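Colleague: I should like to learn how to read the packing and the sheet of this model. Where would you begin?

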Amino acid sequence: MKRLLGGVIAAALVAGALAASTTTAVAAQATASAPVLSPTPYQGWNTYYGLGGDFTEDTIKSVADSLVSRGLAKAGYDIVWLDGGWQADQSRSAAGDLVPNPAKFPNGLKPLVDYIHSKGLKAGIYTDAGPYIPGKCGLGSGGYYQRDADQFAAWGFDAVKVDYLCGIAADLDPKTVFTEFAQALRNNASKRPMIFNLCNPVTSPDWGDYPESQQSINSWTYAPDIAQSWRTYTDVGFQGDIKFKDVLRNYDANARHPEVVRPGAFSDPDYLAPELGMTDEEFRSQLTLWAVAAAPLVIGSDVRKLSDTTIGMLTDPDVLAINQDKAAVQAIRVGAAGTTETWVKRLADGSRAVVLLNRGDSAQTVTTTSAAVGLGRGRFTLKNAWTDKVTESGGVISAAVPAHGTALFRVSAARGVPGVPHVTAGIPQVTAVGSDAQPEGPAPVVAGGDTLTVAVAVRNDGVLPVFSPRVTVAGGTGWTVKPLSKAPAVLQGGARTTLSFTVTLPAGAAPGSASLTATTTYEAIGHGAQQQVTVLSPVVVAPAPPSGTVPLSHHQWITATSGWMSPTIDESVGGGNPIKLTGTTYATGIGVASPSLVRYYLGKSCSRLTGVAGIDDVVSNVGPDGGTATFQIVGDGKVLYDSGTVDRFTPQQFDVHLTGVRVLDLVVGDAGDGGYNDRADWATPTATC
């Protein structure tokens, strides 16, 4: 009874939260002054991440043509947006008008806008809310708001992105200047409706020490009443270099205030970034999260070069329907934050879009319930938005989710004859390597000759039974698999079974990334044979362990991450500078920015690791802010060394025993104050093996 009551209360709280966010949005809409120019999130393309400032009239025409020919315009991506780089070197004439770059746009911007309109598309342009300050921004509208708004409208633009680079450089109040710019756009002489994308990317400590009132995290307090969208955090990455961890960072910041989102006013976590550094799986996750966030969908990549796979993702009708749902509700998280999470978006027809998110580096089965997402109890139809597969559940919503992946379901009440049972075919899980238990979470690390114990759980979440469930497992070339258990003849609704296997790698297994694949088959009443394939990836096949007394930085790592750029060998992160701590230069080491993890395979062959952990002297070239970190040495999931907080003045020596350690992690944290200017070094890390 207590469990049932808890579920009812949880469902009521979720339903109440979703209803309250809608009620708040409607009330806010009644008093809002910004016009509803795009009742659902606008879509389009922007030059910034894919082209930088290197674009011309011909480039933009070519992209516009591609938006049409590749089906993106038909799918709703209809704004062609010029970011910074369109302006002349002397961006304003003596008369005070903005001037396009004559080499890039010899005919001016009006003919280009006319061409974009002739393709059935809209045109967007960029400026900054501050005054033009050379070296701080490419152009600025400070002091010319009405003049520039009139000029953009006269050129025929349909959308304006207003940045804050020179705004922050001039120490302006963003609420004041963005409100003035919004008024100018609404009062343009041509009376042309123009979408206002308010873009304040300033965050602390990433940009320095600024009061909250000047940061992007404060825009929600005023932007919904003056703009069609507002940036909620800093840039999602760098030009040509977008990382999944930063996508998650921006999504989390964007999720803080769903109550202010409403038709025509949307939180903006920045642009979509396919093929700019993320895997296909990671980009699918970004698009999934942006879709349920009711975020504007603006492609940052060069659409002319995108693969057909990416175009297929961008134009998926079920995913776009969730983003474009007329209720314009932003998803909220239900349950705890963690490596796996559930996010739910209420849709206009009363159904729910449910995201099962796996932030981790190893595949996981992620589960929630209909009650937890505010739908109560009963039978429910689950449509997988990405695969189009339709199943029926008795209330459990579950999926095998790849590392950095998502599952997206549209969940609604089921009616009539029961459908295909929703069977969750588990991902193969490595539970042990030899006699050593495998910790949950990290990707398993194995080596040639190892024997793995692998488990696959299969659960019937439907109402009807399924018959003759079978599981087969396959690994890499030459891997041998032996079953250890037998599947039942029938798997009743709500029941589960776990099947075990041993998997042995050949002695000469090549180092690299491998996978384990489970194929699950079963019979569904009235629907015949069903099959699911789930993959554990990556399974890391390790290189040979170190031998002798060696600089660990010169040994091949398994994986290495850095909060900024990429880890560097024998140099401070970013390259170009030797590793240097309080005036002492070290010939060997690893340079990273927090947060960071560098992983090595030792294979129980090493006994000791010595070295110095500290903040590189190069931080003083940046300034006095930041420059604090924590250093941990972790063996097989157990912390062997913890530095505590280290600043630029106090490097710490370490001497750690490694006997019996298979996998070694060098971990750098931000010491709780953010990663600004945290350039950390593992200096002269010497392994005795």
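Modeller: Contact here means heavy atoms within 4.5 Å. The model is a predicted one. By that criterion, and not counting residues up to four places away in sequence, L287 touches Y77, L272, L297, M313, L314, V319 and W386.

Colleague: To which nonpolar core does L287 belong, and how many residues has it?

Modeller: In soluble globular proteins, nonpolar side chains tend to be buried together. Here the largest nonpolar core has 99 residues, and L287 is among those with the most contacts inside it, alongside Y77 and W86. Another core, of 28 residues, lies apart from it and includes L452, V471, F501 and V539.

Colleague: Which residues of helix α4 are buried, and why do they line one face?

Modeller: An α-helix has 3.6 residues a turn, so residues three or four places apart point the same way. In α4 (residues 110-118), the buried residues are L112, V113 and I116. Seen down the helix axis, the buried residues of α4 fall within an arc of 100°, so they line one face. They pack against α3, β2, β5 and α5.

Colleague: How should the sheet of 6 strands be read?

Modeller: Strands of a sheet pair through backbone hydrogen bonds, either parallel or antiparallel. This open sheet runs β11-β12-β13-β18-β15-β16, with antiparallel pairing. At its edges stand β11 and β16, each with a single partner strand, so one side of each lacks a neighbour in the sheet. Strands β15 and β18 pair over 5 bridges, and F380 stands opposite A413 in β18. Helix α9 packs on the sheet, touching β12, β13 and β18, and its direction makes about 40° with that of β18.

Notes:
Residues numbered from 1 in each chain as written. Predicted model: local features only at pLDDT ≥ 70, side-chain atom pairs only at ≥ 80, totals over all residues. Heavy atoms only, no water. Buried < 20%, exposed > 50% of the residue type's maximum accessible area, 1.4 Å probe, protein only. Helix = DSSP H or I, 4+ residues; strand = E, 2+ residues; numbered from the N terminus. Arc of directions from axis to C-beta. Core = buried A, V, L, I, M, F, W, Y, C linked by side-chain atoms within 4.5 Å. Pairing = 2+ DSSP bridges. Axes fitted to C-alpha atoms, helices over the stretch in contact; angles between N-to-C directions.
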